[in-house]
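User: I would like to go through this protein step by step. Can we do it as short questions and answers?

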Amino acid sequence: MANQASTARLAVLIDADNAQPAIVEGLLTEIAKYGTAHVKRIYGDWTGTHLNGWKENLLRHSIQPIQQFRYTVGKNATDSAMIIDAMDLLYTERFDGFCIVSSDSDFTRLASRIRESGRIVYGFGERKTPGPFRTACDKFIYTEVLVAATEDESSATVKRMSAKELRQDSRLINLVRHAMEAAADDSGWAGLGAVGQIISKQSPDFDARNYGYPKLSELIDGIGLFESEQRASGNGKALYVRRKPSRKR
């Protein structure tokens, strides 16, 4: 799986009007986990000054700016340009996946269409991103965690939630429990990798970093309702998890 991800050919399309320059370092680092960005394009009206923050990053990260004039005040022509280019790239059949960077719900249908063609869609946007776009992606990453990853811990934007706070999040607890039940063997143990895959399918925007934990294993441990153990697997080790047995009175 890791090898397949590292060789995946990705097209990265960024909506400059709906993404902040501060994410660029974390964004490209995150994308590298899923494959290699063979195309990196960013769309906006570069004749103005509102995108100056992005201009400083383009050459350093080899991101190609695509000029899109604003023909009408209050209307965003960037969306149409991105959608047209995405479809052109899709028809070349040269890419395994697409990274759409925007908090705009207008890309919901695009994400769905790309997935219908058997390609993976990674979405990147702020927490305010509408639900339909998030769920239309195979995986959706909040850009707030990307900014936090490149900042000092003292200024990180995502704070670690306590065990009490995690347990009060019924959606989180249900996601983890149901995934464990679906992946568990007869003894109740489930491989962490399988648990993570099931959670991602059920909730594309799930990410342990949203709760302030770098990894899923640390998040599950932080909840305090589950136990884990390492087992030999091939040439390495694999982590297994299950609900803590009820204490006998």
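The turns below cover strands, cores and aromatic rings in this predicted model.

User: In what order do the three strands of the open sheet lie?

Analyst: Look for the edges to begin with. β7 (190-191) and β8 (226-233) each pair on one side only, which marks them as edge strands. The pairing is antiparallel, and the order is β7-β9-β8.

User: Which residue in β9 stands opposite Ala232?

Analyst: β8 and β9 (residues 236-243) run antiparallel to each other and share eight bridges. Across from Ala232, in β9, stands Lys237.

User: At about what angle does helix α9 run to β9?

Analyst: Helix α9 covers residues 170-183. It lies across β7, β8 and β9. Its angle to β9 is about 115°.

User: What is the hand of the β-α-β unit made by β2, α3 and β3?

Analyst: Start with the strands. β2 (residues 36-44) and β3 (residues 64-67) pair in the parallel sense over four bridges. One bridge joins Ile42 to Pro65 in β3. With helix α3 (residues 52-58), the two strands make a unit that is right-handed.

User: Which element gives the most residues to the largest nonpolar core?

Analyst: This core has 27 residues, and Ile14, Leu27 and Trp54 are among those with the most contacts inside it. Elements giving two or more residues include β1 (9-15), α2 (24-34) and β5 (120-125). The top contributor gives five residues, and it is α2.

User: How many residues are in the other core, the one with Leu13 and Phe133?

Analyst: This core lies apart from the largest one. Leu90 and Val121 also belong to it. Its size is 24 residues.

User: Why is the pair of Phe95 and Phe98 called tilted?

Analyst: Both residues are buried. Their ring centres are 6.0 Å apart. Tilted pairs are those between stacked, under 30 degrees, and edge-to-face, over 60. The planes of Phe95 and Phe98 meet at 55°, so the pair is tilted.

User: How many residues apart in sequence are the parts tied together by Phe107 and Phe133?

Analyst: The two rings form a tilted pair, 6.4 Å centre to centre with 50° between the planes. Both Phe107 and Phe133 are buried. Phe107 lies in the loop between β4 and α5 (108-116), while Phe133 is in helix α6 (residues 131-136), so the pair ties together parts whose separation in sequence is 26 residues.

User: Which residues do ring pairs link into a cluster with Phe107 and Phe133?

Analyst: The whole structure holds six aromatic pairs. Ring pairs join Phe107 and Phe133 in a cluster with two further residues, Phe140 and Tyr142.

Technical notes:
Residues numbered from 1 in each chain as written. Predicted model: local features only at pLDDT ≥ 70, side-chain atom pairs only at ≥ 80, totals over all residues. Heavy atoms only, no water. Pairing = 2+ DSSP bridges. Contact = heavy atoms within 4.5 Å. Axes fitted to C-alpha atoms, helices over the stretch in contact; angles between N-to-C directions. Right-handed = clockwise from strand over helix to strand, strands pointing away. Core = buried A, V, L, I, M, F, W, Y, C linked by side-chain atoms within 4.5 Å. Buried < 20%, exposed > 50% of the residue type's maximum accessible area, 1.4 Å probe, protein only. Phe/Tyr/Trp six-rings, centres within 6.5 Å; stacked < 30°, edge-to-face > 60°.
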